[in-house]
Amino acid sequence: MNASLEFHCGICIFEADAKITAEALPKADTDGGFNEIEGRQSAPCSMALPPPDPQFVLRGTGAAVHALHFSCGGQEPDVPVLFSGSENGFIHVWNLETHRADTALDGHGRKSVYRMETMGSRNRLLSQGRDQRICLWDLAEGRTSVTDSVFTENVGFCRCSLLEVAEGRWLMATAARALEEVQVLELPSKTSVCTLKPEVGAKLGMPMCLKLWQLNCGSQPLLLAGYEDGSVVLWNLSMGKALSQLVCHQEPVMSLDFDSEKAKGISGSSEKVLSIWSLNEQQNLQVYKTHKLVNAGISDITIRPDKKILATAGWDHRIRIFGWRKLKPLAVLDYHTATIHCVRFSDHKNPSGRLLAAGSKDHRISIWSIYTQT
């Protein structure tokens, strides 16, 4: 299998072609790097170890894959599943034991599906499509029906964000009809909570990515939004005002994720740079560090739930794995033949069962088992 390995010499990164074979990734050391391989001679530059092949690959979506969501934390006899949303409007429910799709849902008028998340259980699914609709699904007892929907009137690609604030009560942030605005609704009532409008003259452009979060249960929900002008903005929902703004990129922010425990986040754009930023006690955003990439373009970023590693989806067809503590490059997973649109980690309760999924323009979903013992 042809692949590209990355060599890391100080801060300089470059690529070289190589042949690799499937090999289990070793356990990461405390700094997020690899342990030494016994018997392998050290090189002047430390070389990333050959990554493995995917554990398995899911085929049959019939179109580019734009969204993924795992549901693996249920009780027996629940079978771990993966939801995938495709450009042709279908949502497939993949059985991760048989590696086959059990169900195909069609609720977005054959328009691309680019966001999905379960709400409380795998039987309640939210999906967002290019038909400007956010659908709520009832999947209990074999049902495949849309029970409610929200018409967003937004024509962009900004994925909505969900946050459970109480049992059975959710907040949903989504790009609004007006160019620069974000609307926050309560679900399932669909009651409007607030509309977040930048100050006159701010010129942020369209919201590109959203992340609702709260420090702990019962604390004030906040929103991080990445904008077309390259800014990340922290919003207070109860006040309906921006608390802090930080220009992280020279191009639109394509994706972001945030670790509320460390008060640290990461964002990517069409540039060759990952931006890592932090939030101080005064709720001011500040640049923590940046990391230069080999190739430009990040479609998606996700931090694993245990906050040990993160994954990026690259326009260069590659998945990159980093240690979250120091953003140390760990692996380059080179399987896909086209842009990777989305990456997601599973919610397995047992760490040894953790999986990473990547969805691509090449119609395939690769499933990886990496760093399961860290």
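In this predicted model, T174 has Q183, a residue of β15, as its bridge partner. That bridge belongs to the pairing of strand β14 (residues 169-175) with strand β15 (residues 182-187), an antiparallel arrangement that extends over six bridges. Both strands sit within an open sheet of four strands, ordered β13-β14-β15-β16 and paired antiparallel. At the edges of this sheet are β13 (161-166) and β16 (191-196), each of which pairs on one side only. From one strand to the next, the twist averages 20°. As background, the strands of a sheet pair through backbone hydrogen bonds, in either a parallel or an antiparallel sense.

A further open sheet of four strands follows the order β4-β31-β30-β29, again with antiparallel pairing. Here β4 (56-58) and β29 (340-345) take the edge positions; each has a single partner strand, so one side of each lacks a neighbour in the sheet. The twist in this sheet averages 20° from one strand to the next. The partner of β29 is strand β30 (residues 356-360), to which five bridges join it in an antiparallel run. Within this pairing, R344 is matched with A357 of β30 as its bridge partner.

Attention now turns to the packing of side chains. In soluble globular proteins, nonpolar side chains tend to be buried together. The largest nonpolar core of the model holds 19 residues, and L196, L223 and L237 touch the most other members. Two or more residues of this core come from each of β13, β14, β15, β16, β17 (207-213), β18 (222-227) and β19 (231-236). Beyond its neighbours within four places in sequence, L223 is in contact with A173, V182, L196, L210, K211, L212, W213, V233, L234, W235 and L237. There is also a second, separate core, made up of 18 residues, with I309, L356, A358 and W368 among them.

A closer look at one leucine rounds off the picture. L285 lies in strand β24 (residues 285-292). L285 counts as buried because its relative accessible area is 8%, against a cut-off of under 20%. With neighbours within four places in sequence set aside, the contacts of L285 are L224, V232, V233, L234, S244, L246, W277, S278 and L279. L285 and Q245, though 40 residues apart in sequence, have a C-alpha to C-alpha separation of 6.5 Å in space. V233 and L234 appear among the contacts of L285, and V233 and L234 are likewise among those of L223.

How values were computed:
Residues numbered from 1 in each chain as written. Predicted model: local features only at pLDDT ≥ 70, side-chain atom pairs only at ≥ 80, totals over all residues. Heavy atoms only, no water. Buried < 20%, exposed > 50% of the residue type's maximum accessible area, 1.4 Å probe, protein only. Contact = heavy atoms within 4.5 Å. Pairing = 2+ DSSP bridges. Axes fitted to C-alpha atoms, helices over the stretch in contact; angles between N-to-C directions. Core = buried A, V, L, I, M, F, W, Y, C linked by side-chain atoms within 4.5 Å.
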